[in-house]
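Q: Could we go through the terms used for this model, one by one, and check each against its definition?

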Amino acid sequence: MFSYNAPEGLLNDRIILVTGAGDGIGRAAAHAYAAHGATVILLGRTLEKLERVYDELEAAGYPQPAIAPLNLETAVEHDYIELANQLEETFGRLDGILHNAGLLGVLTSIENYDPIIWQQVMQVNVNAPFLLTQTLLPLLHRSQDASIIFTSSGVGRKGRAHWGAYAVSKFATEGMTQVLADELENISQVRINCINPGATRTAMRAFAYPAEMPEKNPTPEQIMPLYLYLMGPDSAQVNGQSLDAQGDGHA
Ligand SMILES: NC(=O)c1ccc[n+]([C@@H]2O[C@H](COP(=O)([O-])OP(=O)(O)OC[C@H]3O[C@@H](n4cnc5c(N)ncnc54)[C@H](OP(=O)(O)O)[C@@H]3O)[C@@H](O)[C@H]2O)c1
């Protein structure tokens, strides 16, 4: 596991948007960020799940979160502009985005891959993070120390048979991280990095590996050290990296 002990109040006064915040790793990240002082904007497609997380954060006494319901598969440019306007009005700036929402699609050969599902996966995993980042960059530029985190996967670094659009989308995510990091290096205080969570006990993992014992893998809460490190000021000099949440790296 990536080793980092986040100090109390690490993210005090930061405004952080988490996509796919209603479940799995995104929900754990929303908790971890809020527990360290951040005001978290919970973005996702299932309102009831977002409301549940909202209630959990409120009950814990963390800074009051906000909810941004958005289906990343169907959202169009106008929806992103509206979101940016709302965030500007409410918060005036943004200190971080965790691009976590993801779609697995189907596990089958490229030869047999349904083109519609291919497009859905690329839309949620690649096009939506691009649109969201582009629209929200002006708000991130207003921060003293902003961090964008994309979410990759092992199959985004080495292709594997039958992982189709999901694997290809994660290669694209690694590429987007590098291109954007290179563009903003030296001209902006916004840094861009990428996390490979590794096998983690969530609904997506269970769907991909139905025969696996869930207990074999760590919970989303256990992989949070890297999520905290990359979002907070201790990683201010880290840019363009793709790191493993379950790797043996140290901060
Ligand atoms: N778990 C692993 O072993 C593993 C390994 C490598 C990489 N990852 C990556 O880690 C990230 C989180 O995965 P997870 O395991 O936590 O998966 P998960 O439990 O399936 O959660 C995925 C999240 O993405 C949201 N989402 C999916 N489609 C969406 C859409 N169209 N619009 C808005 N939100 C949408 C889901 O919302 P709903 O709950 O409303 O459906 C959910 O909150 C993904 O990017 C995944 O590729 C996971």
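Q: Which helices each supply at least two residues of the shell around the ligand?
A: This is a predicted model. In it, helix H1 (24–35), helix H5 (164–184) and helix H6 (203–208) each supply at least two residues of that shell. The largest share, 3 residues, comes from H6.

Q: What makes a residue part of the set around the ligand?
A: One of its heavy atoms has to lie within 4 Å of the ligand. There are 28 residues around the ligand, and Thr46, Lys49, Asn100, Tyr166 and Thr202 come nearest. By type, the shell divides into 10 nonpolar, 12 polar and 6 charged residues.

Q: Why does the pair between the ligand and the side chain of asparagine 71 count as a polar contact?
A: The cut-off for a pair of N or O atoms is 3.5 Å. A nitrogen atom of the ligand is 2.9 Å from an N or O atom in the side chain of asparagine 71, so the pair counts as a polar contact.

Q: What makes the backbone pairs of glycine 20 and asparagine 100 polar contacts?
A: A backbone N or O atom of glycine 20 lies 3.2 Å from an oxygen atom of the ligand. For asparagine 100, a polar backbone atom is 2.8 Å from an oxygen atom of the ligand. Both pairs are within 3.5 Å and therefore count.
The protein covers 93% of the 900 Å² of accessible area that the ligand has on its own.

Q: How do you know that the ligand sits in the largest pocket?
A: The test is that more than half of its atoms lie within 2 Å of the pocket's grid points. The ligand sits in the largest pocket by this test.

Q: Why does the chain agree with a compact globule?
A: For 251 residues, the rule puts the radius of gyration near 18 Å; the chain has 17 Å, so the two agree.

Definitions and conventions:
Residues numbered from 1 in each chain as written. Predicted model: local features only at pLDDT ≥ 70, side-chain atom pairs only at ≥ 80, totals over all residues. Heavy atoms only, no water. Polar contact = N/O pair within 3.5 Å; in protein donor to acceptor, adjacent residues only side chain to side chain. Areas by Shrake-Rupley, 256 points an atom, 1.4 Å probe, with all protein chains shown as cover. 1 Å grid on protein atoms, 1.4 Å probe; cavity = no way out; pocket = protein on both sides within 12 Å on 5 of 7 lines; lining within 4 Å. Helix = DSSP H or I, 4+ residues; strand = E, 2+ residues; numbered from the N terminus. Nonpolar A, V, L, I, M, F, W, Y, C, P; charged D, E, K, R; others polar. Rg over C-alpha atoms; globule rule 2.2 N^0.38 Å.
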